[in-house]
Amino acid sequence: MSQFPDYLDVDYTDGEGQTPEDYPALEDKIEKAIDVVRIGLEEYDNPAVMWTGGKDSTLTLYFVKEVAEEFGYELPPTVFIDHFQHFDELLEFVDHWAEQWDLEVVFARNEDVGDYVDSEGLEPGDDIPVEALSEHNQHHVRNILEYEEESFPFLLDTYVGNHLLKTVALNDAIEGQAIDGIISGVRWDEQEARADETFFSPRHDPDIYPPHDRVQPILQFEERAVWDAFWNYVVPESVPEYPAGHVPQDYDDLPEGLTHEDIPVSPKYFEGFRSLGSEVSTQRSEQKPAWLQDLEDTTERAGRAQDKEDLMERLRDLGYMAVPLAAVASTGPVLDVLSGAL
């Protein structure tokens, strides 16, 4: 990584000053996503895909799979951050579709925190003494976060907990796997802290994170467009028996003979969740499935708890995911969008 990023030829300004309105049709959004993915697979020596099991990262993974298969690229591994507070259904979803799609999954965990939690039998919300952690984690708590308390709660949606369980785990995985470009599913409209992201975003400060780039193919998707892509492309192309364009109206509204295990959409979304942060701090938004809710006039992450209004902006500065080809003709189904087929 000593020469990074000298071997790359990517435009770090691509997307600067843009919004989803610059990509008005679903075809426009998909075309750009495919363009960004193809450049990413061409340019980076050791890319990986961030996969949470949520809708955005699964859509991103789908585009990567399609482009890799269509143009003969090697499918990169996925990185799954295991923060120890996931919904059981989400873990089952990830395991199932990793097998179905023949994925290599790298589980990024802060083992030091996890081992202490297991050894002490802690539950979410219990305190963890800072002095009980490794020197590596204490450095992050004291020197990077400048946290002065003697302990912190074992909770994901807090400043210290989020940093140790997600950011440190991710950065350690990036360094351990020598990843130079991590393909992630962040979107401009999801949070204010992400509104100024570009499609290729450098993370080159070695004092904060292992130098790498973020490759972000679906910045231009609004929440509604994500679900439109699922019901018109991701689901029918992954499930041959699924009729394209069928939008389930409730939990049980699946075509005859199909179960939730057949559908690459987490059952939690069918139950009314719009965001899948953690089992401890995420609540369903409504009873109806996520895609039937008022996506335009309500907040996507309203069901998540946070202890600071500026948590995501601060995590961005520390290295978490919130921080900063011509048209291709093809015979692949989703890639047909580039030649006008919707």
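Contact is taken here to mean heavy atoms within 4.5 Å, and it is in this sense that, in the predicted model, helix α2 lies across strands β1 (47-50), β2 (78-81) and β6, running at about 145 degrees to β1. Helix α6, which spans residues 159-176, likewise lies across strands of the sheet, namely β1, β2, β3, β6 and β8, and runs at about 150 degrees to β2.

The sheet itself is open and consists of six strands in the order β3-β2-β1-β6-β8-β7, with mixed pairing. Strands β3 (105-108) and β7 (200-203) occupy the edges, where each has a single partner strand, so that one side of each is left without a neighbour in the sheet. From one strand to the next, the twist averages 30 degrees. In general, the strands of a sheet pair through backbone hydrogen bonds, in either a parallel or an antiparallel arrangement.

Strand β1 runs parallel to β2, to which two bridges join it, and also parallel to β6, with which three bridges are formed. On the β2 side, valine 49 of β1 stands opposite threonine 78, whereas on the β6 side the bridge partner of proline 47 is glycine 181. The side chains of β1 are divided between two directions, with Pro47 and Val49 pointing one way and Ala48 and Met50 the other, and all of these residues are buried. Strand β6 (residues 181-183) pairs in turn with β8 (residues 212-215), in the parallel sense and over three bridges, and within this pair isoleucine 183 stands opposite valine 215 of β8.

Besides lying across the strands named above, helix α2 (residues 55-71) also packs against another helix, α7 (residues 223-238), the two axes coming within 10 Å and crossing at roughly 50 degrees. Because this angle falls outside the ranges that count as roughly parallel, antiparallel or perpendicular, α2 is oblique to α7. The crossing in which α2 passes α7 is left-handed. On the α2 side, the contact is made by Lys55, Asp56, Thr58, Leu59, Tyr62 and Glu66, and on the α7 side by Glu223, Val226, Trp227, Ala229, Phe230, Tyr233, Val234, Glu237 and Ser238. By class, the residues of this contact between α2 and α7 comprise eight nonpolar, two polar and five charged.

Note on methods:
Residues are numbered from 1 along each chain as its sequence is written. This is a predicted model: local features need pLDDT of at least 70, side-chain atom pairs count only at pLDDT 80 or more; totals for chains, interfaces and linings use all residues. Side-chain values use heavy atoms; hydrogens and water are left out. Axes are lines fitted to C-alpha atoms, for helices over the stretch in contact, and angles run from 0 to 180 degrees between N-to-C directions. Helices (H or I, at least four residues) and strands (E, at least two) are DSSP runs, numbered from the N terminus. Angles under 35 degrees count as roughly parallel, over 145 as roughly antiparallel, 65 to 115 as roughly perpendicular and the rest as oblique. A crossing is left-handed if the near helix is turned anticlockwise from the far one by less than a right angle, and right-handed if clockwise. Ala, Val, Leu, Ile, Met, Phe, Trp, Tyr, Cys and Pro count as nonpolar, Asp, Glu, Lys and Arg as charged, and the others, Gly among them, as polar. Two strands pair if DSSP finds at least two bridges between them. Buried means under 20% relative accessible area, exposed over 50%, partly exposed in between (1.4 Å probe, protein chains only).
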